[in-house]
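Dear colleague,

Please find the structure below, handed over for your use. A short account of what was found in it comes after.

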Amino acid sequence: RFYASGLKSSKPNSMNHGAVLDEMGLSAVVADFQREVIQPLARALFPGVGDELDGHHAFVVHYKRGPGGDEDLPPHRDDSEVTFNVALGNFWTGSELSFCGRMQEADVNQLKLRHQFRIGSAVLHQFRI
């Protein structure tokens, strides 16, 4: 529906199609959610790292199937203290988030953990993993 609206948004990152929430007028909502929900969780789960979150880059992603699509993202790291992934929508089946070794370590490409998303599920994870 967003694409059909004719509204413009910059690409959220170098890998995905989607929309940046700040550009859609949702800055205050995202900041409130970060302060009321994400910050207390990050502080409890990741002491030191999650003690103070001073910004956000919130976006929604629309994964495309087929040639030129982005169903299978290359290994990457998020440039953040914490990342909150949530599975939204009604028209997809299956999604997986794979965690490998740390980028600066020898086990960078070794699978450590997989999370299978269901619609409405979420993952809060630490920076740069």
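The following paragraphs describe salt bridges, an aromatic pair and a charged surface patch.

This is a predicted model, in which local features need pLDDT of at least 70, side-chain atom pairs count only at pLDDT 80 or more, and totals for chains, interfaces and linings use all residues. Residues are numbered from 1 along each chain as its sequence is written, and side-chain values use heavy atoms, leaving out hydrogens and water.

The count comes to two salt bridges (a side-chain nitrogen of Lys or Arg within 4 Å of a carboxyl oxygen of Asp or Glu). Arg-35 pairs with Asp-32, with the closest N and O atoms 2.7 Å apart, and Arg-35 also meets Glu-36 at 3.3 Å, N to O. Asp-32, Arg-35 and Glu-36 are thus linked in a network. Arg-35 and Asp-32 are three residues apart in helix 2, and are therefore separated by about one helical turn (helices are DSSP runs of H or I, at least four residues; strands are runs of E, at least two; both are numbered from the N terminus).

A search of the whole structure finds one aromatic pair (ring centres of Phe, Tyr or Trp, the last by its six-membered ring, within 6.5 Å; planes under 30 degrees apart are stacked, over 60 edge-to-face, the rest tilted). Phe-33 and Phe-84 form this tilted pair, 5.6 Å centre to centre with 55° between the planes. Phe-33 lies in helix 2 and Phe-84 in strand 3 (residues 82–86), so the pair ties together parts 51 residues apart in sequence.

Finally, Glu-52 lies in the loop between helix 2 (27–45) and strand 2 (59–61).

Yours sincerely
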